[in-house]
Amino acid sequence: VKDLQRSPKEATDAWRSYCETQGNGKYDPQAYDASFLKRFLSTMNSSPRQEFGGGGSSRRMSGSGGGGLTERVKELQRASKDNADDWRQYCDDEGGGVYDPSKHEATFLKAWMARVKGDSSGDAPNSLIQRVKDLQRSSKDLADDWREYCDREGDGRYDPSAHDDAFLESWLSQHSMLD
């Protein structure tokens, strides 16, 4: 079921529809027992729809094509709901409805990252980003303070790389951590 969720939009839509009509409305396969999952897979196998997953789509990319970029895209998605929603929309519009970042070329991932955070370099995070991350790791209080600051000033985006330097500098200066 997880593989189907990562495959073309039609399979994801079928899963969501099934969860809404036959299940409890949750899309996480772990929220259901094995018999529910088997019934869904059975309907998918007997459905006249196109075959999902595994097929060699022309947009199918090498599984490791993005390398570390794949992980960065996943981190950005986890950083905020807006990023996750933007990723899905971007994949629908530009990526054939394939949501798994590992199925896309590095150029596709970099273009989305540029769209989200204005940086398509794919290089290591700058020192401001690293300082914010280090401070968050150093103290639960600072991590909580960062989240509160992001909720208040940054639209709930918790990933430091999703913010510009001025935003990061402002938070760092509040903690006397700016050079």
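**Salt bridges and nonpolar cores in a predicted model**

Lys-81 and Asp-85 sit four residues apart in helix 5, about one turn of the helix; helices here are DSSP runs of H or I with at least four residues, numbered from the N terminus. Their side chains meet in a salt bridge, with 2.7 Å from N to O; the term denotes a side-chain nitrogen of Lys or Arg within 4 Å of a carboxyl oxygen of Asp or Glu. Lys-81 is exposed at 61% relative accessibility, while Asp-85 is partly exposed at 37% (buried is under 20% relative accessible area, exposed over 50%, partly exposed in between, with a 1.4 Å probe and protein chains only).

This is a predicted model, in which local features need pLDDT of at least 70 and side-chain atom pairs count only at pLDDT 80 or more, whereas totals for chains, interfaces and linings use all residues. Residues are numbered from 1 along each chain as its sequence is written, and side-chain values use heavy atoms, leaving out hydrogens and water.

The structure holds five salt bridges. Another of them joins Lys-74 to Glu-71, with the closest N and O atoms 3.9 Å apart.

Turning to the interior, the largest nonpolar core has 13 residues, and Val-73, Trp-87, Phe-108, Leu-109, Trp-112 and Met-113 touch the most other members (such a core is a set of buried Ala, Val, Leu, Ile, Met, Phe, Trp, Tyr and Cys residues joined through side-chain atoms within 4.5 Å). Helix 4 (68-79), helix 5 (81-94) and helix 6 (106-117) each supply at least two residues of this core, and helix 6 gives the most, with five.
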